[in-house]
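Let's work through a few short exercises together. Try each task yourself before you read the solution.

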Amino acid sequence: MQSVAQLLSAMQADIGRYLGNDLACISPIDGESLASLRVDSPEQVQEKVGAAHAAFLQWRMVPAPRRGELVRLFGDELRSNKEILGKLVTIETGKILQEGLGEVQEMIDICDFAVGLSRQLYGLTIASERPGHRMMETWHPLGVVAVISAFNFPVAVWSWNAALAFACGDSVVWKPSEKAPLTAIAVQALFEKAMARFGADAPAGLSQLVIGGQDCGAALVDDTRVPLVSATGSTRMGKAVAERCARRLARTLFELGGNNAMIVAPSADLELSTRAIVFSAVGTAGQRCTSLRRLFVHDDVAERLLPRLKTVYASLPVGNPLDEGTLVGPLIDEAALQGMQLALERARAEGGKVHGGEPVQVGKGGYYARPALVEMPSQTGIMHHETFAPILYVVRYQTLEQAIAMNNAVAQGLSSSIFTTDVREAERFMSAGGSDCGIANVNIGPSGAEIGGAFGGEKDSGGGRESGSDAWKAYMRRATNTVNYSDALPLAQGIRFDI
Ligand code: NAD
């Protein structure tokens, strides 16, 4: 296996710049130490924000299509380094290699999206009520964007934000998860390579990387030179960051926890449903914000679906995520495994029948578990929590109203789906009276969002929208301009101003 040092040096990342004794980087695959880094002090965070702010003042004046060219070059770097970076994602987070590669592909896709966007930052021309006037809106760059990211998508989340922010004329300060700083160091190096190829009009401080934990994040959040904080992680973190940002009226974009459900209706294609359930519930060992955690199965199909699911669950290959054939890798750390076991205990106490879920020994270290399928008598207390592990609770239902009500009963509103071939059921699920989640899918599981849609959730999931659709507007400020091309000064209707 290539060492982390070899992978980083293949991407021309100078790890020496970051080494220290403050933060141990551990691979969840085997518990091996990968590196030890120093963390940034609050003063160093301020310096980096200062450098990003100075860069912003120049970058905002570079024409947007030219800014898009930098994003295009960065996308090229990602294409050339996809295998190496994808492998590093696997080593640092424990997701299987195909998912590590998939994460880098998502970065490439959002770069392509942002390149096109750099020529489409359109404002409206608005009919003025005043004679001889024209009114229009103009979108301008916003400033320094702080990106705080979670461990489970260590590089894609940054790129959803950063590719748009750079195209929109902003600079970016990134604080990755303290559990996944090495991939961030690699990405920063690839971005610096793209900047070197781009030329002198890319100001030096455009992309800043801050290494550290909550304190570092807090220093970034409190800095008045940061007009937008985009934070991805737990709901607990979102609430803490929201409070601090509200104190200084800063803009926020949140992508927080999920507790996603799927409804399997009587007319569902059960083969398709089974594949979608397994992919959504056990992919990334249940450590996706969009992981399927609650399954509502109609009484009519439960006896056909559940035995099949139990068989598949019992044979899922759990193991080293670098090995071909492994579908379920490790949990991120010991606390995650403990959290999973506690949740299963509570599910049993609430009347659940647990299949699987036991810890699995793989090699010498790491925290692995067999995914758990838990038959519940109803949607009990534990099902209202996001346990970041592969646990799928199953509850039977009789009517679509019941199923939609259970889907909507939890605080988190990230992603949801229904499997049905009845168009009326599908449309009801997507209607105003249907799922209250930010993502409502039909005949596809809740996980695996595409960059083209604005990704995000409602309710406790934070309401943010990063990535596609019109998410770019969050990274810009809007000015309304009124131009008088007459020789009169008509003010707004009903107002006279005689001198
Ligand atoms: P986490 O909340 O523990 O940490 C996320 C980031 O926030 C880290 O960089 C951390 O250092 C920082 N942070 C934590 N507290 C902070 C504070 N008070 N001030 C500033 N920064 C702070 O989350 P995690 O364990 O890394 O990730 C898992 C969680 O993230 C899950 O809840 C998952 O659903 C969520 N997630 C959501 C999305 C989404 O798009 N909705 C995507 C990925 C992960």
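**Exercise 1.** Find which residues of H4 meet which residues of H7 in this predicted model.

*Solution.* Start on the H4 side: the residues to pick out are Leu85, Leu88, Val89 and Glu92. Now go across to H7, where they meet Pro181, Leu182, Thr183, Ala186, Val187 and Leu190. Next, sort this contact by class: you get 8 nonpolar, 1 polar and 1 charged residues.

**Exercise 2.** Work out whether H4 and H7 are roughly parallel or roughly antiparallel to each other, and give the handedness of their crossing.

*Solution.* What do we need to describe the packing? Two packed helices are described by the angle between their axes and by the distance between those axes. Here, H4 covers residues 82-93 and H7 covers residues 181-198. They pack at an angle of about 160 degrees, and their axes are 9 Å apart. Angles over 145 degrees count as roughly antiparallel, so H4 and H7 are roughly antiparallel to each other. As for handedness, the crossing of H4 and H7 is left-handed.

**Exercise 3.** Look at the salt bridge between glutamate 303 and arginine 396, and explain which parts of the chain the pair ties together.

*Solution.* First, check the distance: the two side chains meet at 3.0 Å, N to O. Then place each partner. Glutamate 303 sits in helix H11 (residues 299-314), while arginine 396 belongs to strand E16 (residues 391-397). The pair therefore ties together parts that are 93 residues apart in sequence. Finally, look at accessibility: glutamate 303 counts as exposed at 54%, and arginine 396 counts as partly exposed at 34%.

**Exercise 4.** Decide whether aspartate 40 and arginine 38 are buried, partly exposed or exposed.

*Solution.* These two side chains form a salt bridge, at 3.7 Å from N to O. Aspartate 40 has a relative accessible area of 7%. Buried means under 20%, so aspartate 40 is buried. Arginine 38, with 28%, is partly exposed.

**Exercise 5.** Do the same for the salt bridge of glutamate 458 and arginine 465, then find a network of salt bridges that share partners.

*Solution.* The side chains of glutamate 458 and arginine 465 meet at 2.6 Å, N to O. Glutamate 458 is partly exposed at 31% relative accessibility, and arginine 465 is partly exposed at 25%. For the network, follow the shared partners: Glu69, Arg72, Asp76, Glu77, Lys193 and Arg197 are joined into one. How many salt bridges does the structure hold? The count is 28.

Notes: Residues are numbered from 1 along each chain as its sequence is written. This is a predicted model: local features need pLDDT of at least 70, side-chain atom pairs count only at pLDDT 80 or more; totals for chains, interfaces and linings use all residues. Side-chain values use heavy atoms; hydrogens and water are left out. A salt bridge is a side-chain nitrogen of Lys or Arg within 4 Å of a carboxyl oxygen of Asp or Glu. Buried means under 20% relative accessible area, exposed over 50%, partly exposed in between (1.4 Å probe, protein chains only). Helices (H or I, at least four residues) and strands (E, at least two) are DSSP runs, numbered from the N terminus. Axes are lines fitted to C-alpha atoms, for helices over the stretch in contact, and angles run from 0 to 180 degrees between N-to-C directions. Angles under 35 degrees count as roughly parallel, over 145 as roughly antiparallel, 65 to 115 as roughly perpendicular and the rest as oblique. A crossing is left-handed if the near helix is turned anticlockwise from the far one by less than a right angle, and right-handed if clockwise. Contact means heavy atoms within 4.5 Å. Ala, Val, Leu, Ile, Met, Phe, Trp, Tyr, Cys and Pro count as nonpolar, Asp, Glu, Lys and Arg as charged, and the others, Gly among them, as polar.
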